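This report describes a single chain, moving from its charged pairs to its fold, its pocket and a few individual residues.

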Amino acid sequence: MAVTWDVASLDATKTVGSLSDVVTTVHWTASDADGDHTGSSYGSVGLAEADSSSFTAYKDITKDNAIAWAKAAIGSDEVTAIEAGIAAQIAKSK
């Protein structure tokens with residue numbers, strides 16, 4: 001079992017300073033399953049202000065980019081807690 005993270009949607013602002021199509025929020029899902037037993041979590045996280053030196057325009061963002069940004073914004077301790085919560089949902093279902 002391994003938790004799968006996905007992107008439900010992205011919120012963007014047309015312009016921030018000199019940048020266009022700036023993603024400001026990632027809406028994410030995380031889920032796992034063991035046979036018929038499943039666990040999941042959903043949330044959203046605001047991203048840090050866009051930096052022109054490492055900026056990626058909305059149209060160029062990959063799912064992997066968005067998941068990495070969301071996990072970084074959430075923080076490793078909270079990511080671990082979310083994944084533990086999903087495992088607990090599965091254990092309780094069993």
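In this predicted model, Asp 6 is partly exposed, with a relative accessible area of 31%. The side chain of Asp 6 meets that of Lys 63 in a salt bridge, with an N to O distance of 3.6 Å. This pair links distant parts of the chain, since Lys 63 belongs to helix α1 and Asp 6 to strand β1, which covers residues 4–16, and the two are 57 residues apart. Lys 63 likewise counts as partly exposed, at 46% relative accessibility.

**Salt bridges**

How many salt bridges does the structure hold? There are three, and the pair just described is one of them. In general terms, side chains of opposite charge can pair when their charged atoms come close. Another bridge is formed by the side chains of Asp 34 and Lys 94, at 2.4 Å from N to O. Asp 34 lies in strand β2 whereas Lys 94 lies in the segment after α2 (76–93), so this pair ties together parts that are 60 residues apart in sequence. A further bridge joins Asp 60 to Lys 59, where the closest N and O atoms are 3.4 Å apart.

The accessibility of the residues in these pairs is set out below.

| Residue | Relative accessible area | Class |
|---|---|---|
| Asp 6 | 31% | partly exposed |
| Lys 63 | 46% | partly exposed |
| Asp 34 | 28% | partly exposed |
| Lys 94 | 58% | exposed |
| Asp 60 | 44% | partly exposed |
| Lys 59 | 69% | exposed |

Asp 34 counts as partly exposed because its 28% falls between the limits of 20% and 50%, whereas Lys 94 counts as exposed because its 58% is over 50%.

**The chain as a whole**

The secondary structure comes to two helices and three strands, which follow one another along the sequence in the pattern β-β-β-α-α. Along its principal axes, the C-alpha trace spans about 50 × 25 × 15 Å. Of the 94 residues in the chain, 27% are buried, and the chain exposes about 5700 Å², with carbon and sulfur atoms supplying 47% of that area. When contacts between residues at least 6 apart in sequence are considered, 55% of them join residues at least 24 apart.

**The largest pocket**

The largest pocket has a volume of about 320 Å³. Its lining consists of 15 residues, and those nearest the centre of the pocket are Val 23, Leu 47, Ala 48, Glu 49 and Ala 50. Which elements each supply at least two residues of this lining? Strand β2 (19–34) and helix α1 (63–74) both do so. Sorted by class, the lining of the largest pocket comprises ten nonpolar, three polar and two charged residues.

**Residues in strand β2**

Asp 21 is placed in strand β2 and has a positive phi of about 55°, although it is not a glycine. By way of background, most residues other than glycine have a negative phi. Asp 21 is partly exposed, its relative accessible area being 39%.

Thr 25 is also placed in strand β2. Is Thr 25 buried or exposed? At 16% relative accessibility it counts as buried, because the value is under the 20% limit for that class. Once its neighbours within four places in sequence are set aside, Thr 25 is in contact with Ser 9, Leu 10, Asp 11, Ser 44, Val 45 and Gly 46.

**A buried residue in helix α1**

Ile 67 has its place in helix α1, the helix that also contains Lys 63. With a relative accessibility of 13%, Ile 67 counts as buried, because this value too is under 20%. Which residues does Ile 67 touch when neighbours within four places in sequence are left aside? The contacts are with Trp 5, Asp 6 and Val 7, and Asp 6 is the residue whose side chain pairs with Lys 63. Ile 67 and Ala 8 are 59 residues apart in sequence, and their C-alpha atoms are 10 Å apart in space.

Notes. Residues numbered from 1 in each chain as written. Predicted model: local features only at pLDDT ≥ 70, side-chain atom pairs only at ≥ 80, totals over all residues. Heavy atoms only, no water. 1 Å grid on protein atoms, 1.4 Å probe; cavity = no way out; pocket = protein on both sides within 12 Å on 5 of 7 lines; lining within 4 Å. Points joined across faces, edges and corners; volume = space filled by probe spheres on them. Helix = DSSP H or I, 4+ residues; strand = E, 2+ residues; numbered from the N terminus. Nonpolar A, V, L, I, M, F, W, Y, C, P; charged D, E, K, R; others polar. Buried < 20%, exposed > 50% of the residue type's maximum accessible area, 1.4 Å probe, protein only. Contact = heavy atoms within 4.5 Å. Salt bridge = Lys/Arg side-chain N within 4 Å of Asp/Glu carboxyl O. Areas by Shrake-Rupley, 256 points an atom, 1.4 Å probe, with all protein chains shown as cover.
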